[in-house]
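Trainee: I've got a new structure open and I'd like to go through it with you. Can we take it piece by piece?

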Amino acid sequence: MASNRVLIASPRFICRSCSRQARSSGSYRRSYATASSSQDIYDVVCIGGGPAGLSLLTALRANPTTSRLRVALVEAQDLSKTASLSLPPTQFSNRCSSLTPTTAQFLNTIGAWPHMKRSRIQEFHEMQVWDGVTDARIEFDYQLGSTASPGGVIAYMAENINITSGLLKRINEIGGVDVFASSRVEKITLGEETEDLDLREWPVVHLQGGKSLAARLLVGADGANSPVRSFARIESRGWDYNRHGVVATLELEGDGWGGEYRKTAYQRFLPTGPVAMLPLPGNHATLVWSTTPENASLLKKLSTKDFIALVNSAFRLGPVDLAYMHTQATGQEDEFAWRTQHTHFDAEAIPQLVVGVQEGSIASFPLKFRHADTYIGERVALVGDAAHTVHPLAGQGLNQGQGDIQSLVKTIEYAVAHGQDLGTQMSLESYNSERYAANHVLMGVCDKIHKLYSVESGPLIPLRSLGLKAANALGPLKSFFMEQASGRGLRV
Amino acid sequence: MAAPTRAVAGVASGLSRLVSRSRPRLPIASISVSTPAKTAAASSRWHSGFSSVNPNEVSHFNALAAEWWEPHGSSRLLHLMNPLRHDFIRSCRESSDDPNSVTYLDIGCGGGIFAESAARLATTKHVTAIDPTPSVLNVAKAHARKDPSLAGKLSYLQSSVEQLEVPAEGQGYDVVTLFEVIEHIDDPGAFLERVRPLVKPGGWLVMSTIARTWVSWLTTNLIAEDILRIVPPGTHDWNKYINEGELRGYLAGKGWDSAKVMGVVYVPGFGWREVKGSEKVGNYFFAVRKA
């Protein structure tokens, strides 16, 4: 890939294919230099250096058809810290994602997986999901399923920083991406018309400090409040769940009931929202607890001992006990010790006891449902959270984003191979039609499950536990969770 | 018999749409080589020499020029068909020894849908695109300014085939394209003879057109022109549509070989698809290699 490095070192104000012509014809560079001296022209400018944005650029650079494109990344944060990933082996970030085998395979195909720290990734083979009100339970175990994935892996738990770090290392390895890190976007405008060029339909990203990048295709991987989406005047609709997701890195009393090599993910539906404990290497686990904003703020205020007690209670005690314990400012540890003596449960059907919580790892964020009206505009594409924000209960947020990237890269590849202008809405149509429907269905199902299990009493309760029990005998819910978790679900 | 009926309906609606989308291309229809009267009128206005551009038709389609690049405008079906043209050309050139510096001549380029896309390909050295209609060429040139990567790789000429300089023996373009052109020519055989010197020996002449069948008559003439009036009546002369066998006849014994054909069908909701054997029914691509 030496040639790419050479090209990057060449004057930056013309795109790669143009610079090739400039060398042969000699006329183009002159004409463009008079057009605008401080503006760079790119085929793809991606705003946002999260997992979606980074894997887009990695995939474009790794693909022989798209590797000739001139691409740039704009990210507000300093990416050098991300790339280095300097956490000690016993410490885990509280922002983790479950990667489906499909996503893991994609990351491997684009060459990022080998750059991730494998010792910090934990696969799991079983899932236990149950209703906190009725105790109806679904067990997921690939040994019983006929659709077993290789090695029986349902999903891989990985820290987001491990994913982004692996992608960044891969990008550095291939080269050819102009990275503008620690760069704030001042504004996005449309380009201008000059004597030789008409860039009035091209988005131009103005960075703080005066630099501006003209984009054949501007990709918004810039999160739920996407400035790219606002620029494109694409509405994002949805609602807030009035729930917060509380996350924490936990230490358990052991490596799990199945030991080091056979891990289980747990999720219990409480009336306030689902609480999930997902395995990390060794005796570590990550907590994702969707609950009311009031409960979330209590959880963050509790002492470590009381926090641990409330987490243990969440997987063991009844909703009434739990509700009561949320009214106390302190003393949850004693309450838990006393109440567990009077509660019956199958120890091996729930996670092992939490014995510690990593310092500073408890955090919370509001849960939202958002879906953009469309993922594309003229010379604009939205990916990941910029396009859709989903309830985390099926662990699909990051995987949906990676699904977007695979589809968008395929669309760009087709455009390049057939001489289409890859930024035009017509070239992008297949991306929108392929991903919009798939995401819409998944988001709708997650939303309905959330609402169904938020009800504490009334006619829905016996119906849903009937549903969960039926689901355990291979009902639709079971296959939904199973197939979503492993990335094979709901193809539309 | 529900399924076959629906299938025909799909073909039919596709064809009718294609024809309606084809309107801006019609100036090309006047690249005719058979009527001396027309030729005289055209040459006095546009250029000297032997040509046949009809000024009446040219002005008739001036107004449609602006719609060329509207993604949901009247050329949408042509935009959607364009990638298949490249797939077809690629399949023709599979065994070419010089795959990376291809020169193209696009005859009847219109607003430049194919010409631009050919110029963007990494394997393309240069594209020359000609059309006799100034307003259409202005649209093409203005649109090309929107993409910096096209400068230096794409030239537009207001020209007829006859006006082009005939390359020296053994020279010429690697690929000469005639997309949705040949069915508007009065004497296709003579016209193709004029095109032949422009093709490099070993290079390809690639075209697309519509077969003359009851389906195409129904869709392009009766429905599109007379019933729905999405195409001005009299635009298409069904009698000029060319069947694949006739094309082969025009080219037989004239220094061409390796004829290839690909039938395509527009299926609403899915786009253009290659359908084996459909060249006998409606739209198809056809190519021959210059010996």
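**Strands, domains and annotated sites**

Mentor: Sure, and keep in mind that this is a predicted model. Let's start with strand 9 (residues 185–190) and strand 10 (residues 203–207) of chain A, which run antiparallel and are joined by five bridges.

Trainee: Which residue is the bridge partner of L190(A) in strand 10 of chain A?

Mentor: Stay with the antiparallel pair of strand 9 and strand 10 of chain A. L190(A) closes the residue range of strand 9, 185–190, and strand 10 begins at 203. Its bridge partner in strand 10 of chain A is P203(A).

Trainee: And on to strand 10 and strand 11 of chain A: which residue in the turn of their hairpin has a positive phi?

Mentor: Strand 10 of chain A pairs with strand 11 (residues 212–220) of chain A in the antiparallel sense, over three bridges. One match there sets V204(A) opposite its bridge partner A214(A) in strand 11 of chain A. The hairpin has four residues between the two strands, and the turn residue with a positive phi, about 105°, is G209(A).

Trainee: Now the open sheet of three strands in chain A: which strands stand at the edges?

Mentor: The order is 3-7-4, with antiparallel pairing. Each edge strand has a single partner strand, so one side of each is left without a neighbour in the sheet; in chain A these are strand 3 (96–99) and strand 4 (122–124).

Trainee: What does the twist of that sheet average from one strand to the next?

Mentor: Picture the 3-7-4 order in chain A again. From one strand to the next, the twist averages 25°.

Trainee: How many bridges are there between strand 3 and strand 7 of chain A?

Mentor: One spot to look at is L99(A), which stands opposite Y156(A) in strand 7 of chain A. Strand 7 of chain A covers residues 155–159, and its antiparallel pairing with strand 3 of chain A runs over bridges numbering four.

Trainee: Which helix of chain A lies across strand 3 and strand 7?

Mentor: Look for one running at about 85° to strand 7 of chain A. The residues are 160–174, and the element is helix 7 of chain A.

Trainee: Which helix of chain A gives the most to the side of domain 1 that touches domain 2?

Mentor: Chain A is divided into domain 1 (2–85 + 164–238 + 370–445) and domain 2 (96–161 + 241–366 + 452–485). The contact takes 26 residues from domain 1 of chain A and 26 residues from domain 2 of chain A. On the domain 1 side, helix 4 (51–62), helix 7, helix 13 (397–417) and helix 14 (425–453) of chain A each supply at least two residues. The most, six residues, comes from helix 7 of chain A.

Trainee: Over in chain B, which residues does the UniProt annotation "binding site" cover?

Mentor: This comes from an unreviewed UniProt entry. Two of the residues, E183(B) and H184(B), sit in the loop between strand 4 and helix 7 of chain B. The full list in the annotation is E180(B), E183(B) and H184(B).

Trainee: Is E183(B) buried or exposed?

Mentor: Outside its neighbours within four places in sequence, E183(B) is in contact with T209(B), I210(B), K240(B), Y241(B) and I242(B). The cut-off for buried is 20 or more other C-beta atoms within 10 Å. E183(B) has 24 of them, so it counts as buried.

Note on methods
Residues numbered from 1 in each chain as written. Chains lettered and ligands numbered in written order. Predicted model: local features only at pLDDT ≥ 70, side-chain atom pairs only at ≥ 80, totals over all residues. Pairing = 2+ DSSP bridges. Axes fitted to C-alpha atoms, helices over the stretch in contact; angles between N-to-C directions. Contact = placed C-beta atoms within 7 Å. UniProt positions renumbered as here; feature names shortened; annotations may be inferred. Buried ≥ 20, exposed ≤ 12 C-beta atoms within 10 Å, placed from the backbone. Domains from an automatic or database assignment.
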